[in-house]
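Student: I should like to understand how this chain is folded. May we examine the structure together?
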Amino acid sequence: MSILGITLTLGVVAALANIFGGLIVTARPWSRTFLAYFIALGSGFMLATAILEMVPQSLQLAPNMAPVLILLGYFIVHFFEHSWPAHFHFGEETHHEAFLDPSVVYPALGGLLVHTFFEGVAIASGFLISDWLGWMVFGTAIVHNIPEGFTVASIMVAARKKRHAGTWAAAALGGSRILGILVMVSIRQFVEFGLPLAAGVTIYVAASDLIPEVNKMAGMKIPITVGLGVVMVLVLRMLFT
Ligand SMILES: [Zn+2]
Ligand SMILES: [Zn+2]
């Protein structure tokens with residue numbers, strides 16, 4: 001299969017995970033426990049893949065530029081998710097007062113759309129380098145796409161939007177990721193820019209979106225699940241590289 005074929009197929013799979021996350025927003029309370037473990041596993045898997053695979057590969061591609069681009073990727077997501085007037089965090093939106101003005105919902109959705117666009121750039125960049133890196137980067141998406149769809153749908157609920165608005169918002173995240181894939185595949189000669197930017201974005205989502213949510217949960221099972229995400233990456237590296 002061509003790079004475009006495989007990355008678009010995986011883009012559709014990731015979009016379905018977003019939509020599934022959006023649909024279970026009303027399925028309480030089992031969905032909360034399920035999501036907590038996904039957020040924990042995702043944070044470990046994403047951070048390990050970014051630091052062990054994406055960063056070294058980026059430094060190899062562009063030794064001088066990569067560090068600055070990694071930093072830029074990190075702060076692009078920080079700006080769009082948190083610095084403009086968007087109320088946003090992973091998991092269930094319980095701060096209904098933050099959405100008394102329903103127009104704040106669009107900056108929050110916009111921030112997530114920027115994040116998913118760069119996930120598309122990341123998946124395509126990965127496959128442009130190697131199948132191994134492509135699958136690992138796809139892994140970083142799929143381990144957190146269900147909580148992501150849930151998050152955006154719960155924002156819609158908090159803003160008292162109609163129930164199907166949550167599903168549409170989750171589908172929009174999938175669409176934005178597919179757009180990121182199409183853009184990166186069509187300007188593939190710039191993969192030396194795309195991969196380090198994507199590495200910075202992945203570090204942000206893992207360490208600044210997901211880990212703070214992990215830290216709110218009590219007990220040992222959740223930190224052990226974070227460690228399991230890291231171990232998964234180490235085992236995959238032993239088996240396939
Ligand atoms: Zn909130
Ligand atoms: Zn994401």
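Student: What share of the contacts with a separation of 6 or more lies between residues 24 or more positions apart?
Tutor: This is a predicted model, in which local features need pLDDT of at least 70, side-chain atom pairs count only at pLDDT 80 or more, and totals for chains, interfaces and linings use all residues. Residues are numbered from 1 along each chain as its sequence is written, while chains are lettered from A and ligands numbered from 1 in the order in which they are written. Two residues are in contact if their C-beta atoms, placed from the backbone, lie within 7 Å. Among the contacts in the chain with a separation of 6 or more, the share of residues 24 or more positions apart is 85%.

Student: Which helix gives the most residues to the largest nonpolar core?
Tutor: A nonpolar core joins buried Ala, Val, Leu, Ile, Met, Phe, Trp, Tyr and Cys residues through C-beta atoms within 7 Å. The largest one has 78 residues, and I123, V152 and A198 have the most contacts inside it. Helices are DSSP runs of H or I with at least four residues, numbered from the N terminus. With 14 residues, the main contributor to this core is helix α4 (residues 105-129).

Student: Is M65 buried or exposed, or does it lie in between?
Tutor: M65 is located in the loop between α2 (30-61) and α3 (66-83). A residue is buried with 20 or more other C-beta atoms within 10 Å of its own, exposed with 12 or fewer, and partly exposed in between; C-beta atoms are placed from the backbone. Because M65 has 15 C-beta neighbours inside 10 Å, it counts as partly exposed.

Student: What part of the 241 residues counts as buried?
Tutor: The same burial definition applies to the whole chain. Of its 241 residues, the buried part is 51%.

Technical notes:
Helices (H or I, at least four residues) and strands (E, at least two) are DSSP runs, numbered from the N terminus.
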